[in-house]
Amino acid sequence: MSKTEKLTLQAVQKVSKLARLKLTDSEMTSIQNQLSAVLENFEQIAQVNTDEVRPLVTPTEITQVLRPDVVEDFDSEKILANAPEKAGRLFKVPPVV
Amino acid sequence: MAFNDYEAVIGLEIHVQLQTNSKLFCSSSAHFGGGDNEHTCPNCTGQPGALPVVNEKAVEFGIKTGLALNCSIRKDSVFARKQYFYPDLPRGYQISQFDKPLCENGYLEFTLEGAPKRVTIERAHMEEDAGKSTHHGDYSLINLNRAGVPLMEIVSAPEMRSAQEAAEYARTMRKVVRYIGVCDGNLEEGSLRCDCNVSIRKRGDSKLGTKVEIKNINSFRFIEKAIEFEIQRQIDCKETGEPIVQETRLYDPDKNRTFSMRTKEEAHDYRYFPDPDQLVLEIEQAQIDAVKAAMPELPASRAKRFVEQGLSEFDAQTLTQELEIADYFERAAGKNPKAAANWIISELMRELNESKREISDSPIQAEQLAQLIALIDAGTISGKIAKTVFAEMWSSGKNPDVIVKEKGLTQITDTGAIEKIVDDVIAANPAQAAEYRSGKEKVFGFFVGQAMKASKGQASPDVMNEILRKKLKG
């Protein structure tokens, strides 16, 4: 997308659909403007010459800490207690197929 | 199978469940089974605020898998979020790897109908499994025991050209991950799952056709059948002008056909981005070296070694199909590997098949089989008697020397005793003896049978044949 081009309404609709967001028409327009501004900002950042810069995944210098492979039991009743609907010990959800 | 002007292009994505004790990002049990939702915690059920922390054993298994598949191991791999909405994925995204997978650019070698094959492994990345959902009309039920279990997704290049080749690739993959002990390879329990990408193109075309993904095939035979069906279906589409849609299809083994599941979402619809909960997974060369040093022998190298011990290529392949059988063979081989191979392949495997047992449950231990072979080689019992001893070992689990002693089965090699038997047999059958002496050499077989019977099968066949020939000539 070039600098002058605004994010299309169709693109906003697609992204909101993928994110499972229901937006009204006016929200859609407002999001369209906001997202376009965000993307413009990124385009500005993209102007910076990064040829010599190593890609950064996280902004910290800490390295990954791993966990030993040990099972710790958790009282899963506590998890199930949060479920709005259950069938036995299974979570019950609206039909998906 | 010939497809006239068309050629099939097949790539496989194999999900291998790493047999760790706990899950990839939390301490819940990763073992199969358990009560519904028993193996869950705030982390693998996606409770807000829970921080996923990587399991070090899973990383070790990931490296091991990559090395066994001749991949290069990335020293700074990155976990990414793959977003999609399905109730068995509680966070709303799967933690996977995207542009910086742990393992890349490897290959897997196998033979197909005697011809060597090498299939490129594009990548093998770490990710967590989703939960299990079952559907009941107006509601669905969710079990999250499997959610968060560590997987390696192993992606081949689209290099395979036939259903047979794809199935053999998958079989070899299962063999490798079982040999290195990272996965139990249990297809029924879903520890190894195979998705096949199939497309067709006119022979000579370099452009790939529209690919169709066939999901969740749970046996190697079905991989073969599903791909064969799919190739034919796509050719029929081309021939009749019907468009081939990029989609996911399921295979129905009862009807031997594939059917459409859903239209495949484009890759960027998953909106991957690096998971901010995770730091770069840094691997040091020393760790790679340590895993490499501890790598068990792979099936191909083992089969090669068996051939060097005097086995046929076929026997070596048969014995290395399953890790447990290869181990059994090595323990039984002793001084006579060829005999051990024969006994295992023709006798033991038959008994195991008939009683539907695994070799680990064999009533005859490898060491006992080695003893039996040693008894034959020492001339203590004949090969024929050995079969009787083997049957007795199978039913009683006793050591072969005990059985031989108890039943008095020791081979008679004493020439005097055998001469006596032969004399008696010739005396009892004067007519046949005369026939033999008049030139009808066929009758010799009759005397062998009679004399063997008289010795209750215990006479040394070599010694007896020699004496019979001498005495009959008179």
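Four strands line up as an open sheet in the order E1(A)-E2(A)-E9(B)-E8(B), with antiparallel pairing. Bear in mind that this is a predicted model. At the edges sit strand E1 (86-87) of chain A and strand E8 (132-135) of chain B, each pairing on one side only.

The join between the chains in this sheet is made by strand E2 (residues 90-93) of chain A and strand E9 (residues 140-143) of chain B, which run antiparallel and are held together by three bridges. Two of the partnerships can be picked out by name: A:Val93 has B:Ser140 as its bridge partner in E9(B), while A:Lys92 is matched with B:Leu141 in E9(B).

**The wider contact between the chains**

Stepping back from the sheet, 39 residues of chain B are in contact with 30 residues of chain A. On the chain B side, H1, E8, E9 and strand E16 (281-282) each chip in at least two residues. The largest share of that side comes from E9(B), with four residues. As for chemistry, the side of chain B that touches chain A splits into 15 nonpolar, 16 polar and eight charged residues.

Away from the strands, A:Thr58 is worth a look. This threonine of chain A sits in the loop between helix H2 (25-46) and helix H3 (76-80) of chain A. Leaving aside residues up to four places away in sequence, A:Thr58 touches B:Leu279 and B:Val280. Is A:Thr58 buried or partly exposed? A:Thr58 is partly exposed, because 15 other C-beta atoms lie within 10 Å, which falls between the limits of 12 or fewer for exposed and 20 or more for buried.

**Strand E6 of chain B and its neighbours**

Within chain B, E6(B) has partners of its own. Strand E2 (residues 72-73) of chain B runs antiparallel to E6(B) and is joined to it by two bridges; there, B:Ile73 has B:Cys103 as its bridge partner in E6(B). E6(B) also pairs with strand E7 (residues 115-128) of chain B, again in the antiparallel sense, over nine bridges. In that pairing, B:Gly106 finds its bridge partner in E7(B) at B:Ile121. The hairpin of E6(B) and E7(B) has two residues between the strands.

**Positive phi angles**

Most residues other than glycine have a negative phi. Here are some residues of chain B that go the other way:

| Residue | Phi | Where |
|---|---|---|
| B:Asn37 | positive, about 55° | loop between strand E1 (6-17) and helix H1 (56-68) of chain B |
| B:Asn105 | positive, near 50° | strand E6 (residues 103-112) of chain B |
| B:Glu113 | positive, near 50° | hairpin of E6(B) and E7(B) |

How do the two asparagines sit in terms of burial? B:Asn37 is buried, because 23 other C-beta atoms lie within 10 Å, and the cut-off for buried is 20 or more. B:Asn105, by contrast, counts as partly exposed, because it has 14 C-beta neighbours inside 10 Å. So B:Asn37 combines a loop position with a buried setting, whereas B:Asn105 lies in a strand and is partly exposed.

Technical notes
Residues numbered from 1 in each chain as written. Chains lettered and ligands numbered in written order. Predicted model: local features only at pLDDT ≥ 70, side-chain atom pairs only at ≥ 80, totals over all residues. Contact = placed C-beta atoms within 7 Å. Pairing = 2+ DSSP bridges. Nonpolar A, V, L, I, M, F, W, Y, C, P; charged D, E, K, R; others polar.
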